[in-house]
Amino acid sequence: MLPAMDSTSLERWERLRGVEVARAILREAFGLALVLTGPEGPAAHGRGGIVRSSSDCCRASLFTRDGFSRCDAFYRDLSEGNHVCHLGLHAFAEPVALDGETVAHAVASGFLRDVETDRAPLLAALQALDPSASAETVRRVPVVHEGHPVRAVLRSVAAEIVSYERLRLQAARESPGMWGIVGRSPQMQSVFELLSRVVESDATTLILGESGTGKELVARALHERGRRRAGPFIAQNCAAVPDDLLDSALFGHVRGAFSGADRASEGLFGAADGGVLFLDEVGDMSPALQVKLLRVLQDGTYLPVGATTPRHSNVRVVAATHKDLAGLVRGGEFRQDLFYRLHVLSIQVPPLRDRVGDLPRLVAHFTSAAPMRISDAAWECLQRYRWPGNVRELRAEIQRWQLVAAEASEIVPDHLSPSIRDAGGYRVLEEPEAVAAAEGSGTLADAVEALERAIIERGLARTGGNRTQLARELGISRTTLSERLKRYGLD
């Protein structure tokens, strides 16, 4: 499957070493700009900027509204061959093809083909956009007599990108996930796609999800793969610290600000300067601290406890919560303006019960040092269980197996925690009738009946009383289920 081509892909390619070398060659040897452009135009235009290394003439046009839009339209409509832009300047374009489909172009642009070309039309076209443009600006436009060397450089750029994308896609197919986050389910693919789009941003990001879903892993991925990777990553759980201590922990304090403040503290906003500050469980932050956090997000300044002079913060804030912040706003427990500031970019991490297809990969990841064979019956229990503690609970469960089943050849239901075993209907030997049958003092019929009753009783609890769903899961008709409910007094 082809990767989605957007400004993020183009920016990623622009940082390839071979592309950077080619850009330098075109600039130094020919005075040309190298532009990577896709269906959405050049990456620089997607950022609201201009193409790097543009000539003075191109820059004069790009700094005008009409010139920018015409230039952008020119790059969007490229195909292989020679081209002439709205000013009359030429360009070479080399397609970047993956699996036979052109997904982008490597372009050398902004030149004339003949030194004898009359430059008066070019000056007139430029002055129609920017009346202040001078003849000197047009005079400095480079001339390319022979296109073969330039095309050779562009072909090397396209080959570098294709090679990189093939290796990246192969790694993605072989990897159990992305950036240290395990998962290949459609739900996690959506998370990864969004991550790849926001990772290079400095915008405040809000990560939503139940406890144990891996919100901090997502925050760390944003740091380790983002532009602030060289800076610190500092995490603080806002629910784990009393309000007065959290104020000092986040924003610092001056010496003597309170009893015991023998020395000044820069706080976590100061310690995270140039990096990422991860605020976990931000929904538990008090109203007073919500005001201070809002101030930092609005203008980058904050006031340490006891200080009179504001300090500046150069920090990307990544916040997370398991709570419904929109609901808290409606209930007056969370500031609406802060909610909007935090919600600039949001990533929803799915609960484990919604991506049970990732269970084999997660189990393999957590047991990679000591692989374990898991029986079909145990797998059924794992897949039927609702995992209220999500991936964190799964990891704790696997650590339990490593203790209770260290000598076993495979994991069976008896090795699982009772609640997980119950989900698959394997609590039989804990029922009195089953124990009696196993000891020879009861009948098999009584044991089977006890098991059937336990499965139906726990199934009703698991499905919230949804009889149609339970009948489907058990592979019986709704009529048969109704008969069993009456027999066991569960109707």
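**Exercise 1. Which residue meets R384 in a salt bridge with an N to O distance of 3.2 Å?**

*Preliminaries.* The structure is a predicted model, in which local features need pLDDT of at least 70, side-chain atom pairs count only at pLDDT 80 or more, and totals for chains, interfaces and linings use all residues. Residues are numbered from 1 along each chain as its sequence is written, and side-chain values use heavy atoms, with hydrogens and water left out.

*Solution.*

Step 1. State the criterion. A salt bridge is a side-chain nitrogen of Lys or Arg within 4 Å of a carboxyl oxygen of Asp or Glu.

Step 2. Identify the partner. The side chain of E380 meets that of R384, at 3.2 Å from N to O.

Step 3. Place the pair. Both residues belong to helix α17 (residues 376-384), where they are 4 residues apart, about one turn of the helix. Helices (H or I, at least four residues) and strands (E, at least two) are DSSP runs, numbered from the N terminus. An α-helix has 3.6 residues a turn, so residues three or four places apart point the same way.

Step 4. Assess accessibility. Residues are called buried under 20% relative accessible area, exposed over 50%, and partly exposed in between (1.4 Å probe, protein chains only). R384 is partly exposed at 23%, and E380 is partly exposed at 31%.

**Exercise 2. Determine which parts of the chain are tied together by the salt bridge of E473 with R384.**

*Solution.*

Step 1. Confirm the contact. The side chains of E473 and R384 meet at 3.8 Å, N to O.

Step 2. Locate the partners. E473 lies in helix α22 (residues 467-474) and R384 in helix α17, so the salt bridge ties together parts that are 89 residues apart in sequence.

Step 3. Add the accessibility of E473, which is partly exposed at 28%.

Step 4. Examine the ends of α22. At the N-terminal end, N466 acts as a cap, with a side-chain oxygen 3.3 Å from the backbone nitrogen of T468. After α22 comes G475, which has a positive phi, near 75°.

**Exercise 3. Describe the salt bridge between E200 and R227, and state whether each partner is buried or exposed.**

*Solution.*

Step 1. The closest N and O atoms of E200 and R227 are 3.9 Å apart.

Step 2. E200 is in the loop between α9 (186-198) and β8 (205-208), while R227 is in the loop between α10 (215-224) and β9 (233-237), so the contact ties together parts 27 residues apart in sequence.

Step 3. E200 is buried, at 13% relative accessible area, whereas R227 is exposed, at 51%.

Step 4. Set the pair in context. The model has a count of 23 salt bridges. E136, R139 and R140 are linked in a network of such contacts.

**Exercise 4. How many disulfides does the model contain, and how far from C57 is the nearest cysteine sulfur?**

*Solution.*

Step 1. Apply the criterion, which is a pair of cysteine sulfur atoms within 2.5 Å. The count is 0 disulfides.

Step 2. Consider C57. The nearest cysteine sulfur belongs to C58 and is 5.7 Å away, and C57 is in no disulfide.

Step 3. Note the accessibility. C57 is buried, at 0%, and C381 is likewise buried, at 0%.

**Exercise 5. Establish the strand partners of β1 and of β8.**

*Solution.*

Step 1. State the rule: two strands pair if DSSP finds at least two bridges between them.

Step 2. Treat β1 (residues 33-38). It runs antiparallel to β5 (residues 101-111), to which 5 bridges join it, and A33 has S109 as its bridge partner there. It also pairs with β2 (residues 41-42) in the antiparallel sense over 2 bridges, G38 being the bridge partner of G41. With 2 residues between them, β1 and β2 form a hairpin.

Step 3. Inspect the faces of β1. A33, V35 and T37 point one way, L34, L36 and G38 the other, and all are buried.

Step 4. Treat β8. It pairs in the parallel sense with β13 (residues 316-321) over 4 bridges, where T205 stands opposite V318. It pairs in the parallel sense with β14 (residues 345-348) over 4 bridges as well, and L208 has Q348 as its bridge partner there.

Step 5. Inspect the faces of β8. T205 and I207 point one way and L206 and L208 the other, and all are buried.

Notes. A polar contact is a pair of N or O atoms within 3.5 Å; within protein, one must be able to donate a hydrogen and the other to accept it, and residues adjacent in sequence count only if both atoms are side-chain atoms.
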